[in-house]
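Reader: Could you take me through one part of this model up close, and then show me how the rest is arranged around it? I'd like one connected account rather than a list.

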Amino acid sequence: MNITLAIIGLSLHILIWEKLPDWGNWFNRIVERLPKPLRYLYDAWRCPYCFGFWVALLLHGLTGVYTLESLKDMPLYLDVMSVPIAWLLDSLATALLIMLGSLTINALAGPAIKGYEMTQAFRSVTSEE
């Protein structure tokens, strides 16, 4: 299994939906000025699985990399449909990895932030004494 597409897709998801909106108003203004169908896609693709599927399909087309290497040698008895089915199945698997990565990061972020806040509070109390 090659997790390259999943890592790139997860990185793009974090960048587009978690980081860029907080890096100033410029990105939010761009999103507000998008045509309604594109604004809808931006809102609808917050889901890491939905975004993951489409970005995996795009990245697969651009790079030729498969998450599941066995799909590269899809049996040709399906004739013309072998490659599109392989891309579809690979994108579904990659989307699952992107979703699991997002859930893992979110699950770890809560305790990490709480621990950081507690450390800062402890340091401020000890520095006052």
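Author: Leu 71 is a good place to start, and its relative accessible area is 11%. Anything under 20% counts as buried, so Leu 71 is a buried residue. Keep in mind throughout that this is a predicted model. Leu 71 isn't part of a helix here; its place is in the loop between H4 and H5. Follow the chain on to Ser 82, 11 residues apart from Leu 71 in sequence, and you'll find the two C-alpha atoms separated by 9.2 Å.

Now look at who else sits around there. Asp 73 is found in the loop between H4 and H5 too. Is Asp 73 buried or exposed? Its relative accessible area comes out at 62%, and the cut-off for exposed is over 50%, so Asp 73 is exposed. So within this loop you have Leu 71 buried and Asp 73 exposed. Asp 73 also has a partner to check in space: Val 83 is 10 residues apart from Asp 73 along the chain, and their C-alpha atoms are separated by 9.2 Å.

While you're in this stretch of the sequence, have a look at Glu 69 and Lys 72. Their side chains meet in a salt bridge, at 3.2 Å from N to O. The structure holds 1 salt bridge, so this pair is the one to click on. As for cover, both partners fall in the middle class: Glu 69 is partly exposed at 36% relative accessible area, and Lys 72 is partly exposed at 47%.

Next, step back to the helices on either side of the loop. H4 covers residues 48–63 and H5 covers residues 82–128. Their axes come within 7 Å and cross at roughly 130°. Why call that oblique? Roughly antiparallel would need an angle over 145 degrees, and roughly perpendicular runs from 65 to 115, so H4 and H5 end up oblique to each other. As for the hand, H4 passes H5 in a right-handed crossing.

Two residues in H4 are worth a stop. Thr 63 is found in helix H4, and at 45% relative accessibility it counts as partly exposed. Thr 63 also brings in a residue from much earlier in the numbering: Leu 5 is 58 residues apart from Thr 63 in sequence, yet the two are 9.1 Å apart in space, C-alpha to C-alpha. Trp 54 lies in helix H4 as well, and with 44% relative accessibility it's another partly exposed residue. If you draw a line from Trp 54 to Glu 18, 36 residues apart along the chain, the C-alpha atoms are separated by 18 Å.

That leads on to H1, which spans residues 4–19. Take it against H4 to begin with: the axes of H1 and H4 come within 9 Å and cross at roughly 125°. That makes H1 oblique to H4, and the crossing of H1 past H4 is right-handed. Now try H1 against H5. Here the axes come within 9 Å and cross at roughly 55°. Angles under 35 degrees would be roughly parallel, so H1 and H5 are oblique to each other as well. H1 passes H5 in a right-handed crossing too. Put the three pairings together and you get H4 with H5, H1 with H5 and H1 with H4, each of them oblique.

One last stop, on H1 itself. Leu 15 sits in this helix and counts as partly exposed at 31% relative accessibility. Which residues join Leu 15 in a nonpolar patch on the surface? They are Trp 23, Trp 26 and Ile 30, and the four together have about 420 Å² of accessible area. It makes a nice contrast with where we began: Leu 15 is partly exposed, whereas Leu 71 is buried.

Definitions and conventions. Residues numbered from 1 in each chain as written. Predicted model: local features only at pLDDT ≥ 70, side-chain atom pairs only at ≥ 80, totals over all residues. Heavy atoms only, no water. Patch = residues over 30% accessible without salt bridge, like charges linked within 9 Å, V, L, I, M, F, W, Y side chains within 5 Å. Areas by Shrake-Rupley, 256 points an atom, 1.4 Å probe, with all protein chains shown as cover. Helix = DSSP H or I, 4+ residues; strand = E, 2+ residues; numbered from the N terminus. Buried < 20%, exposed > 50% of the residue type's maximum accessible area, 1.4 Å probe, protein only. Axes fitted to C-alpha atoms, helices over the stretch in contact; angles between N-to-C directions. Left-handed = near helix turned anticlockwise from the far one by under 90°.
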